[in-house]
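Thank you all for coming; I would like to walk you through one structure slowly, giving the meaning of each term when it comes up. Please keep the picture in view while I talk.

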Amino acid sequence: MSFSIKKEGEVVVVDVEGQLIVGNRQELKQKVLDELERGEKKFLIDFSQTGYIDSSGLGVLVSLSKKIREQGGELRLANLNDDLKTLFELTKLDTLFQIADTRDRALQSF
Amino acid sequence: MPPAVDDHSSGRVPPHDRVRVVEVDIPSDVNLIERVVELVRRECEEMDFARRQVMLNVPVALTEALSNAILRGNGDDPAKHVHVRALVDPERLIVEVVDEGPGFDLDHAVTDPTAPENIDREDGRGLYLMRKLMDRVERVEVPHGSLVRMTLRRG
């Protein structure tokens, strides 16, 4: 997995390229926390290039969601394919996150 | 009696005489998980498992099992190994993951991660996902280690 971080307006957009799993999820967590520490408040994670996520990847997303909220920030997820949507539904995490079908919709929702 | 017609051209009927076995032994390194998953996933794809099974059920459940074996079973000790054996035939996938640890009680770990009081926990979803994504998850006693066997019927 690799990921790229860029700013679109006020929103920090993270593109996850590849799977988000036990071997690489800490890196994502750290990079987002670094941005949070720099004072960023709006975050969008785009999964259009992600095949699957394991429980530790989901755990990192839950942890980020909490930390971002604690700092008065907001997190959106976008472009989950059908398999990823199923994963979120199975774990009921679709009720915890704000999930948008497209990047644009996610950006507009802030 | 006329011979049965095997229509392989439909794309959904795999050859009945095919059984594929993937067997690997890896040191305890989570960075090796993806490669092992790809080996098994590819066989399921060749055997015409349903797309959802190839893209979600198999990779996530197997990643969980390997992660457990490496981190919990083997304590993330690279000197300890994980052995994986996957058998794929037209009916099912059976994958066995063996670590060198004392094993853990599969039932003990079950608290419902979808319950409201657990939903924002970072942990606790691994076994739940294995059970949801596979038809059967069993722990088998073996000497000097712990074996988890997962079965998925081809869909």
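**Where two chains meet**

In α3(A), the residues A:Asp83, A:Thr86 and A:Leu87 meet B:Arg52, B:Met55, B:Leu56 and B:Val60 in α2(B), where contact means that the C-beta atoms of two residues, placed from the backbone, lie within 7 Å. Before going further, I should say that this is a predicted model, in which local features need pLDDT of at least 70 and side-chain atom pairs count only at pLDDT 80 or more, while totals for chains, interfaces and linings use all residues. Residues are numbered from 1 along each chain as its sequence is written, and chains are lettered from A and ligands numbered from 1 in the order in which they are written.

The residues of this contact of α3(A) with α2(B) divide into 4 nonpolar, 1 polar and 2 charged; here Ala, Val, Leu, Ile, Met, Phe, Trp, Tyr, Cys and Pro count as nonpolar, Asp, Glu, Lys and Arg as charged, and the others, Gly among them, as polar. When I say helix or strand, I mean a DSSP run, H or I of at least four residues for a helix and E of at least two for a strand, numbered from the N terminus.

How do the two helices lie against each other, at what angle and how far apart? Helix α3 of chain A, residues 82–90, and helix α2 of chain B, residues 51–73, pack at an angle of about 45°, with their axes 9 Å apart. The axes are lines fitted to C-alpha atoms, for helices over the stretch in contact, and angles run from 0 to 180 degrees between N-to-C directions. The two helices are therefore oblique to each other, given that angles under 35 degrees count as roughly parallel, over 145 as roughly antiparallel, 65 to 115 as roughly perpendicular and the rest as oblique. Their crossing is right-handed, which is the name used if the near helix is turned clockwise from the far one by less than a right angle, with left-handed used if anticlockwise.

Looking at the whole contact between the chains, 21 residues come from chain A and 22 residues from chain B. On the side of chain A that touches chain B, α2 (55–70) and α3 each supply at least two residues, and α2(A) gives the most, with 7 residues. By class, that side has 8 nonpolar, 9 polar and 4 charged residues.

Let me turn to chain B itself, which has 3 helices and 5 strands, running β-α-α-β-β-α-β-β from the N terminus on. Of its 155 residues, 35% are buried, meaning that 20 or more other C-beta atoms lie within 10 Å of a residue's own, whereas 12 or fewer make a residue exposed and anything in between partly exposed, with C-beta atoms placed from the backbone.

Helix α2(B) also packs on helix α3 of chain B, residues 126–133, at an angle of about 145°, with the axes 9 Å apart, and this crossing is left-handed. Among the residues of α2(B) in that contact are B:Val60, B:Ala61 and B:Ala65, and they meet a group in α3(B) that includes B:Leu129 and B:Met130. The contact has 7 nonpolar, 4 polar and 1 charged residues.

Which residues touch the most other members of the largest nonpolar core? Of its 64 residues, they are B:Ala61, B:Ala65, B:Leu66 and B:Val97, the core being a set of buried Ala, Val, Leu, Ile, Met, Phe, Trp, Tyr and Cys residues joined through C-beta atoms within 7 Å. Here α2(B) gives the most, with 11 residues. Leaving aside neighbours within four places in sequence, B:Ala61 is in contact with B:Leu129, B:Met130, B:Leu133, B:Met134 and B:Met150.

Finally, consider B:Leu152 in strand β5 of chain B, residues 145–153. Is B:Leu152 buried or exposed? It is buried, because 22 other C-beta atoms lie within 10 Å. B:Leu152 and B:Asn57 are 95 residues apart in sequence, yet 8.6 Å apart in space, C-alpha to C-alpha. B:Thr151, also found in β5, is partly exposed, with 16 other C-beta atoms within 10 Å.
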